Every structure is written in C-alpha cells, then in structure tokens.
Amino acid sequence: APAQLGKFPHFMLEEIYAQPAILAALAARSQQGLSPVSPALRSDLAHVTHVLLLACGSSFHSAQVASYWLESLGGVTVQVELTSEYRYRDSLPPPQTLVIAISQSGETADTLASLRHTQAQGLSASVAITNTPGSSITRLARHHLLTLAGLERAIFSTKTFTAQLLMLYQLALALGEARGRLGPERLALAKQEMARLPALVNATLQLAPQIREWAQQLAQRHSLFVIGRNMHYPVAMEGAFKLKEVAYLHAEGYPAGELKHGPITMVDSTLPVIACLPWNNHAEKALANLQEVRARNGEIFAFSDAALAPVERLHVIRVPGGLNDLSPIIYTVALQLFAYYCGVARGNNIDTPRNLAKSLSSD
Ligand code: G6P
C-alpha cells in the first residue's frame, strides 16, 4: 500500500474512516451559529415554494434523501431529477423554484447542462453543493455551499456523500426557518441531533468486523436486494450502487413496500436481502415486508437499531440508534463498509475500479 495511506490498505477505507471528523467539523459550524447559508441565500429561501434537485450518480441519491427533509422541514414541493435525463426534458418548473445542483466534482457535464437548462427557463435562484472550490458549478450557480470533506481520492463517493447529506440537512433547516415553519425548539432539536452524529458514526465504524463477516459470506452470491422505506429507500439505492461500483456485484436497491409488486418473485434461499430497518414509525410496515421475504425462504441481513430477537433466516447487526432525521447517515456508513469488504472479498482493485472515472466532465 502507498505510504501516505498509513494504517489503511485503500483510500476508500481511509475516506470511510474520515467521516466522523468531517461531519463533526460541519456540525460544529452550526453549533457556533455559523450557518453555511449566507444572508443572500437566506433571502432567496424565503421566497421559494418549490425545490428542484439536480444530480447524477451517488449525488442523485443524496438528493433523494434530502427530498424528504426539504418536504418535512422546508414545507416545499420537491422534485428530484437525474441530470442525464433532465437536460433533454421539456419540463415546466414553477417560477418560485429553488434549483439545488449537487456535484462532488462540480464538473459533471450533465449536471452543469441541466443547471443551464433551468436558467434558460428563467429560474435564477440556484445553489450548488460541491466538494470542489472554484469548480465550474460554483461559477454557474448563484450561491454555492462547500462540503469541505477534503480531496476524495477513491473513485467512489463516501465522505463526500455523507458531507452532502449533512449540508443538505442544514439547507433544509434554513429553508424551514426562512419560511417561518421551524421555531427555536425544533431547530434546537436538530442541532442536538447534529452534535450527536459524529460519535454515532464512529460507533458504526466499530461494527466493521461484523460487517466484514457478512461480506465474506455474501460476496460470491449472484445478486442481492437492498431495501428500505422512506428516507432509507434512497440509502438502499446508494448501498446497491456501491455494491455495483466497488464489488461488481449485482445489487438492486428497492423500496421495501414495492417488493411485493414484482421483485418478490426472485426471492428464494439464494438471493439475500439486505435491509435498513431503523426503529421508527415506518418499522412496523418494514417488518411486514421482511415477513413477506421470509415466507418465501428469503434470507434477511438487517441493519437495525432495534434489539430484534434472532429468528431463522433473519440476521441482525445492531447499529447505533438515537437519531431521527440523520439516521440515513448511519445506515449509509454501514453499507459503505459492506460494499468495501465485498469488493475486497472478490479480489477487486478497490481504488481503481474498472470502467469508472471520478468525474465525467464531457458527454
Ligand atoms: C461519476 C462517478 C460517480 C459519481 C458521479 C457524479 O460517474 O463514478 O461515483 O457519483 O460521477 O459525480 P459528481 O461529481 O457530479 O457528484
């Protein structure tokens, strides 16, 4: 391994382990009352009724997670679009739309083109979320927010993905505040949650040995499902995406409640189902979905903060609880480790995967 990696065999693992410190730094700014949201952006936020999120790849999944926060905290109508599609659409966004373009590199051609497309349609309020200061997207958007995760060397987004999530959460809070929906008590709760996050991410990283065991057991399967409900549906999509990118393993991220409408036909003892099962007000529904899987001899590997009694064909790794809005970050980290160890178990070249580039700045 290259010397600069220190105790980590791959950049991807080093970047996974960098997350608690990065999230702590981002959260600390808001504890000190230093909102990343400038007064100019805040005044745009006060006037919007719709949000259009534009991104591709992993950034699209962070946009999808954020859509739940923007709806529930910001109280706006939200649309999430893949930029390789959106740029060619004849869509009609309402005038009071805030465009949020998310790109780790700030150079993805489709995302830049989609942002220009919205500007040509007369939408001027835009904010770019990127990890790259001075990138093209920061010049194109009216406002920009930097995720400050440091250079990401692995091809896959790990630390920049969770930094995007925390930044989007802070933006959703600022939107709710600017629109007069969130009072001081709700904001204080959110701050407490942000303050708790880094230690809980750290505790999730301590689960690496257990997660590696699952990976060693499952890495040679022909296919996997990754499922979740609500905010954990896009988390499942990102987990499946990581399995494809890192492990070259076919994985499908699916909303748990949709399995019964088709994919359940594929479930049998050979197709493992990885489940994100936070103990929240969607848990009962999610458990019913898992029951449907078990009834078809499917084997479930659940990440959950609940003390679930182990039963046949239900394996559980208990992840830290104590978060509501930000729990997607915990499950994301668990799935990052799972994908990493699956890639290692399959003998893949982790830091330079076949067929992928860090950013696609041309079409
Ligand atoms: C590439 C990478 C993906 C990444 C996507 C979006 O295709 O392989 O991992 O998520 O670009 O990149 P961006 O820099 O726009 O977030």
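Q: What share of the 363 residues in the protein chain is made up of buried residues?

A: Buried residues come to 53% of the 363. A residue is buried if 20 or more other C-beta atoms, placed from the backbone, lie within 10 Å of its own, exposed if 12 or fewer, and partly exposed in between. Keep in mind that this is a predicted model, where local features need pLDDT of at least 70, side-chain atom pairs count only at pLDDT 80 or more, and totals for chains, interfaces and linings use all residues. Numbering runs from 1 along each chain as its sequence is written.

Q: Why is Gly183 called exposed?

A: Gly183 has 10 other C-beta atoms within 10 Å, and the cut-off for exposed is 12 or fewer, so the label fits.

Q: How do you know that the span of helix H9 agrees with its 22 residues?

A: Helices are DSSP runs of H or I with at least four residues, numbered from the N terminus. The expected span is 1.5 Å times one less than the number of residues, which gives 32 Å for residues 184–205; the end C-alpha atoms of H9 are 32 Å apart, so the two agree.

Q: What makes the protein chain as compact as a globular protein of its length?

A: Taken over C-alpha atoms, the radius of gyration is set against the globule rule, 2.2 Å times the number of residues to the power 0.38. The chain has a value of 20 Å, close to the 21 Å from the rule for 363 residues, so it is as compact as a globular protein of that length.

Note on methods
Helices (H or I, at least four residues) and strands (E, at least two) are DSSP runs, numbered from the N terminus.
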